[in-house]
Amino acid sequence: MTDAIGYELDGDIAILKAQNPPVNALGHAVRVGLVDGIERAEQDGAKAVLIYGDGSTYFAGADIREFGKKPLEPGLPGVCDRIEASPLLVVSAMHGTALGGGLEVALSTHYRIAVPSAKVGLPEVLLGILPGAGGTQRLPRVAGVEAALDLITTGRHIKADEALKLGIIDKIESGEPREIGLAYVRELIDTGATRRPVSEMAAPEPVEFDAVYDAVLKKGRGQVSPATAVRAVQAACELPFKQGMARERELFMELMNTDQREGLIHAFFSERAVSKLPELKGVEPRPLNAIGVIGGGTMGAGIATAALLSGLTVTMLEMSPEAAEAAKGRISGNLQGALKRGKISAEQFEALTEKALTLATDYDALKDADLVIEAVFEEMEVKKKVFSQLDAVCKPGAVLATNTSYLDVNEIAAMTSRPADVIGLHFFSPAHVMKLLEVVVADKTAPDVVATGFALGKRLRKISVRAGVCDGFIGNRILSTYRTCADHMILDGASPYQIDQALEAFGFAMGPFAVADLAGLDIGWAVRKRKRAEGLDPRARDSSYADKLCEDGHFGQKTGKGYYDYAAGPRSRVPNPDVLPLIEAERAAQGITPREFSDEEIVRRYMASMVNEAAKVVGEGIARRPLDVDMTLLFGYGFPRYRGGPLKWADLEGLPELLADIQSWSEEDPYFWQPAPLLEKLVAEGRKFDDLNKDAS
């Protein structure tokens with residue numbers, strides 16, 4: 001026995017207690033302990049075995065410390081087979097979460113009881129693999145094919161009551177896992193219950209697997225693990241159990257060797273590492289209970305909603321009582337959505353809107369706020385005026401935050417007598433839904449203010465990324481570049497619709513022109529006008545066809561027309577017939593003879609421009625690590641998670657080849673395609689972006 005599994009006899013019942021904190025992960029010591037415990041119970045003459053977890057959970061899943069390492073025997077499939085094959089009656093008592101391998105262990109026992117709060121699931125597809133210890137073979141036998149396909153291909157977790165209805169567990173009982181488990185085992189023994197190995201159950205009825213495979217592949221926008229899992233479930237219907245297990249293992253190993261699996265593992269670890277900054281070690285954040293939000297439009301209302309849902313009190317400042325009431329209406333609408341989804345109760349809804357939210361039209365109402373976030377119009381003079389007034393009324397130590405998307409936070413901070421208290425908190429719209437938060441650190445921002453920004457992000461359940469000050473910070477700076485690349489391809493012969501289609505096939509949720517319509521074409525128009533006013537480099541290519549759309553009042557979905565026509569609704573996306581003539585006129589005016597682009601070239605240029613600018617962002621220290629860029633693009637810009645992020649994608653594609661492409665394109669446009677010094681350095685040294693992540697860890 002190992003220390004990871006405790007053993008005791010209670011009469012004729014052997015008790016195996018998982019004691020591998022914090023989540024009883026199924027590491028090597030646990031696997032050895034389970035096999036040893038079963039064998040010891042058999043030797044001791046026990047009638048039954050109870051398996052449960054100490055602490056907060058049953059087996060929560062695999063041990064992430066073993067990811068990427070050579071597996072040690074016994075492997076989990078063998079452990080599950082050994083548990084199931086025991087001549088004793090084996091029962092699981094489940095609490096907390098039984099996910100992935102944890103649920104596979106439970107399914108290898110003969111009976112399962114759970115507390116009401118327990119959750120189960122098989123989330124392996126979210127890591128680019130499939131359940132590899134019998135999950136695709138056992139779950140369909142107890143829950144049926146349709147339920148198994150749903151759980152396995154989505155990776156969703158379900159509560160105990162749903163698991164009971166599906167037959168995944170046999171009983172729900174309140175109490176301590178050990179006590180309810182022992183009572184259930186004694187009940188089974190007293191009633192003469194026999195072993196019930198899932199592997200000996202009849203094969204489930206098949207469905208139209210080819211159709212399901214195609215539908216799952218389409219829904220996953222190219223991610224292969226959910227669709228591959230469909231084929232594993234198919235094996236449960238068509239093959240004897242042993243051969244089905246062999247097929248599951250074959251498909252599991254195929255996925256283990258894919259770039260998608262590597263990309264998803266990178267995303268998994270990076271998501272956990274991104275907010276862990278060495279500079280904040282030992283730095284305590286400032287108190288954070290009451291916040292102020294200035295501006296109750298879509299963004300400000302979203303920020304206020306997120307804060308209210310996290311338990312903060314919010315003072316919403318607007319210019320007039322009418323505007324304040326309108327802001328409250330937006331916030332109430334957001335909270336109504338949470339109410340409908342069961343996230344809050346009717347009582348909580350009333351408390352949030354009537355007690356936790358205060359409306360104000362005077363800056364003095366913000367005098368006691370711990371943190372104030374402005375979400376006013378994206379114009380420097382407007383924001384400067386706001387910060388001058390905040391400086392006058394806010395208490396000492398209050399954090400003053402700007403939600404600017406592009407503007408210079410140092411310039412804004414200079415309007416106050418306390419620049420150390422100023423920080424950028426760039427939310428993404430809708431702020432109560434989108435997961436990304438860029439924490440923009442200005443030159444004089446105090447370390448505990450940075451810590452407070454990250455503490456707020458954690459409280460709001462955001463993925464918080466540290467960014468330095470530059471035009472657009474991390475995400476919008478890179479966006480500006482790859483969006484410019486798309487504009488160049490349009491001038492040279494591609495269409496917005498081909499570009500959107502190619503990039504959606506690559507895995508983006510939406511192509512750049514559909515995204516522009518969703519965000520509002522007036523946003524990009526304002527940025528272009530600002531940059532032209534500041535002075536474009538004479539070497540930069542420019543175009544005005546999109547400006548003409550805006551001049552005609554076409555701002556995308558909110559006006560019913562942009563690159564696409566939305567007359568039939570926001571999901572219709574019919575190409576706007578006015579767009580291509582504008583593009584053709586622009587080409588003619590610039591003397592450009594259009595050429596054809598393949599989808600592959602569109603994706604390659606688009607991605608190369610993204611990677612090149614991202615390398616500049618990292619090289620300049622705007623992002624501290626490549627993984628910061630990857631998480632920004634994943635959570636804020638619709639980058640396909642299974643590719644890991646643009647810099648992980650670049651590593652997998654090969655940096656030398658990408659640099660060679662950029663250098664060849666620089667011959668036609670030396671200004672836009674200037675290779676990033678960091679990219680050149682990595683190629684010269686034979687290193688990857690991920691090496692920089694490891695250096696920083």
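These legends go with a set of close-up views of one predicted model.

**View 1. The whole chain, for orientation.**
Before zooming in, here's the overall picture of this predicted model. The protein has 29 helices and 19 strands, and its C-alpha atoms fill a box of roughly 85 × 60 × 55 Å along the principal axes. The radius of gyration is 28 Å, which agrees with the value near 26 Å that a compact globule of 697 residues would have. Of those 697 residues, 55% count as buried. Contacts reach well along the sequence, too: take the ones between residues at least 6 apart, and 72% of them join residues at least 24 apart.

**View 2. The largest nonpolar core and its best-connected members.**
This core has 98 residues. Which of them touch the most other members? That would be Leu 390, Tyr 563, Val 629 and Phe 689. As for where the core's residues come from, helix H24 (residues 599–619) gives the largest share, with 11. There's also a second, separate core of 82 residues, and Tyr 52, Leu 88, Tyr 184 and Leu 188 are among its members. As a general backdrop, nonpolar side chains in soluble globular proteins tend to be buried together.

**View 3. Up close with Val 629.**
Val 629 is one of the residues that touch the most other members of the largest core. What is Val 629 in contact with, once neighbours within four places in sequence are left aside? The list runs to Ile 474, Ile 478, Ala 614, Val 617, Val 618, Ala 623, Pro 646 and Leu 647.

**View 4. Strand S16 and its two partners.**
S16 spans residues 436–440, and five of its five residues are buried. Leu 436, Glu 438 and Val 440 point one way from the strand, while Leu 437 and Val 439 point the other way. Yes, that buried set includes a glutamate, Glu 438. S16 pairs with strand S15 (residues 422–427) in the antiparallel sense, over four bridges, and Phe 427 stands opposite Leu 437 there. With strand S17 (residues 463–467), S16 pairs in the parallel sense over five bridges, and here Val 440 sits opposite Ala 467. To get from S16 to S17, the chain passes through helix H17 (residues 447–459), making a right-handed β-α-β crossover.

**View 5. Met 415 in its loop.**
Met 415 lies in the loop between helix H16 (409–413) and S15. Is Met 415 buried or partly exposed? Its relative accessibility is 33%, so Met 415 counts as partly exposed. Leaving aside neighbours within four places in sequence, Met 415 is in contact with Lys 384, Ser 388 and Asp 391. Leu 390 is 25 residues away along the chain, and the C-alpha atoms of Met 415 and Leu 390 are separated by 9.8 Å. Leu 390 also turns up in View 2, as one of the residues touching the most other members of the largest core.

**View 6. Cysteines without a bond.**
How many disulfides does a search of the whole structure find? Zero. Take Cys 237: the nearest cysteine sulfur belongs to Cys 80 and is 20 Å away. A disulfide would need the two sulfur atoms within 2.5 Å, so that pair doesn't qualify. Cys 237 has 14% relative accessibility, so it counts as buried. Cys 550 is buried as well, with a relative accessible area of 3%.

Terms used
Residues are numbered from 1 along each chain as its sequence is written. This is a predicted model: local features need pLDDT of at least 70, side-chain atom pairs count only at pLDDT 80 or more; totals for chains, interfaces and linings use all residues. Side-chain values use heavy atoms; hydrogens and water are left out. A nonpolar core is a set of buried Ala, Val, Leu, Ile, Met, Phe, Trp, Tyr and Cys residues joined through side-chain atoms within 4.5 Å. Buried means under 20% relative accessible area, exposed over 50%, partly exposed in between (1.4 Å probe, protein chains only). Helices (H or I, at least four residues) and strands (E, at least two) are DSSP runs, numbered from the N terminus. Contact means heavy atoms within 4.5 Å. Two strands pair if DSSP finds at least two bridges between them. A crossover is right-handed if, with the strands pointing away from the viewer, the path from the first strand over the helix to the second runs clockwise. The radius of gyration is taken over C-alpha atoms; the globule rule is 2.2 Å times the number of residues to the power 0.38.
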